[in-house]
Amino acid sequence: MSKRWLALGLAMLISLMMTLTVSASPHPLLVEKSTRLTSQTGAFAYTPEGTLNVTASDSGGAVVAIDLNRTVNLLETPFLQLSLHSTVPFNIALKLDDGTKEMYPQTAAPAWYEGFQQHTPAAGEGVDAGQYTLSLSIPAYADYNDLPIPENGVVTLESVFVILKDVGGVTVEHLMLSEHGSFLTAFGKTGKTAFCPIAVTTAPKGAIPTTAPTYDAGGVTRYQSERFPGGVIVLLILSAAVLAGMTVYSIRKKQKKNLP
């Protein structure tokens with residue numbers, strides 16, 4: 001019986017250790033039932049494949065909001081993956097809330113727009129029309145713009161905004177939070193993390209730097225927590241205690257058997 005319990009305990013410990021390497025679940029952001037038009041003009045529709053089409057019929061553009069109110073961990077799923085084709089300047093923004101403040105990572109802001117163009121967007125404008133398949137690092141955006149992420153990485157993703165800046169349309173095939181900077185869409189398009197080795201940008205406090213800033217627009221690195229999740233540590237301690245207890249029990253049982 002003692003060997004059986006010891007084997008069970010070892011299996012528990014191995015299972016717990018394996019949880020440390022399990023991939024974080026991605027968060028698909030194109031959700032039809034949560035999508036609404038917030039501008040006075042414009043329209044949107046989803047295809048059977050889940051692609052979002054947004055159109056603007058006048059120069060005022062169009063704005064669509066996808067209300068998610070979802071808890072996410074920006075240290076586990078730091079990349080915003082996107083694949084789209086736009087005939088008009090556009091902006092995609094996330095509304096994040098850490099319980100004390102809100103922040104709006106967006107494609108038209110410093111640390112992200114370099115993935116779409118080399119010139120700085122004018123205030124209130126979007127990035128250039130075109131076809132893009134890439135990922136953007138939220139921690140890199142937050143770091144560059146002096147927006148601290150909570151130590152545990154947990155925030156509420158309240159909404160995603162898809163914004164058109166003129167007459168035209170955008171087709172969003174893929175929009176997801178993930179732990180991976182490189183990805184393959186359902187339409188066979190390959191994306192990788194946006195990277196700009198010579199950044200053309202404005203500093204967050206308004207001063208234009210005379211040298212290249214010490215950040216990238218996502219890069220090949222990933223922001224990682226240096227700590228194990230607290231719950232995993234507790235489970236590992238409990239598992240070790242169980243194994244120790246079973247070992248002591250086995251030894252004492254053998255000792256009793258050897259007594260005259």
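The following dialogue examines how terms are applied to this predicted model.

Mentor: The model is predicted, so local features need pLDDT of at least 70 and side-chain atom pairs count only at pLDDT 80 or more, while totals for chains, interfaces and linings use all residues. Residues are numbered from 1 along each chain as its sequence is written, and side-chain values use heavy atoms, with hydrogens and water left out.

Trainee: Why is the pair of arginine 36 and aspartate 67 called a salt bridge?

Mentor: A salt bridge is a side-chain nitrogen of Lys or Arg within 4 Å of a carboxyl oxygen of Asp or Glu. The closest N and O atoms of arginine 36 and aspartate 67 are 2.4 Å apart, so the pair satisfies that definition. Five salt bridges are found in a search of the whole structure.

Trainee: What makes the pair of arginine 36 and aspartate 67 a tie between separate parts?

Mentor: Arginine 36 belongs to strand E2 (residues 35-37) and aspartate 67 to strand E5 (residues 62-73), so the pair links parts that are 31 residues apart in sequence. Strands (E, at least two residues) and helices (H or I, at least four) are DSSP runs numbered from the N terminus.

Trainee: Why does lysine 95 count as buried, and how is glutamate 102 classed?

Mentor: Buried means under 20% relative accessible area, exposed means over 50%, and partly exposed lies in between, with a 1.4 Å probe and protein chains only. Lysine 95 has 18% relative accessibility and therefore counts as buried, whereas glutamate 102, at 39%, counts as partly exposed. The side chains of these two residues meet in a salt bridge at 3.7 Å, N to O.

Trainee: How do you know that aspartate 98 and lysine 101 form a salt bridge?

Mentor: Their closest N and O atoms are 2.6 Å apart. Aspartate 98 is partly exposed at 24% relative accessibility, and lysine 101 is partly exposed at 33%. In addition, Lys95, Glu102 and Glu158 are joined into one network by salt bridges that share partners.

Trainee: What makes a group of residues a nonpolar core, and which members touch the most others?

Mentor: A nonpolar core is a set of buried Ala, Val, Leu, Ile, Met, Phe, Trp, Tyr and Cys residues joined through side-chain atoms within 4.5 Å. The largest one has 48 residues, and Leu29, Leu82, Leu157 and Val160 touch the most other members. Among the elements that each supply at least two residues are strand E9 (130-137), helix H2 (138-144) and strand E10 (154-164). Contact means heavy atoms within 4.5 Å. Beyond its neighbours within four places in sequence, leucine 29 is in contact with residues including Ile66, Leu94, Leu157 and Val160.

Trainee: Why is E9 described as largely enclosed?

Mentor: Six of the eight residues of E9 are buried, so the rest of the structure largely encloses this strand.

Trainee: How do you know that E9 pairs with E6?

Mentor: Two strands pair if DSSP finds at least two bridges between them. Eight bridges join E6 to E9, which run antiparallel, so the pairing criterion is met. Histidine 85 stands opposite glutamine 131 in E9. Two bridges also join E9 to strand E13 (residues 190-193), in parallel, and serine 135 stands opposite threonine 193 there.

Trainee: Which strands are the edges of the five-stranded sheet?

Mentor: The open sheet has the order E2-E5-E10-E7-E8, with antiparallel pairing. E2 and E8 are the edge strands, as each pairs on one side only. Within the sheet, E7 and E10 pair over eight bridges, with lysine 95 opposite serine 159 in E10.

Trainee: What makes an empty space a cavity and not a pocket?

Mentor: On a 1 Å grid over the protein atoms alone, a cavity is a set of points where a 1.4 Å probe fits but cannot get out; a pocket is an open set with protein on both sides within 12 Å along at least five of seven lines, and lining residues have an atom within 4 Å of a point. The largest cavity holds about 60 Å³ of space. Its lining includes Asp98, Lys101 and Glu102. The second largest pocket holds about 180 Å³; of its 13 lining residues, those closest to its centre are Leu30, Gly50, Glu173, His174 and Leu175.

How values were computed. Grid points are joined across faces, edges and corners, and a volume is the space filled by probe spheres set on the points.
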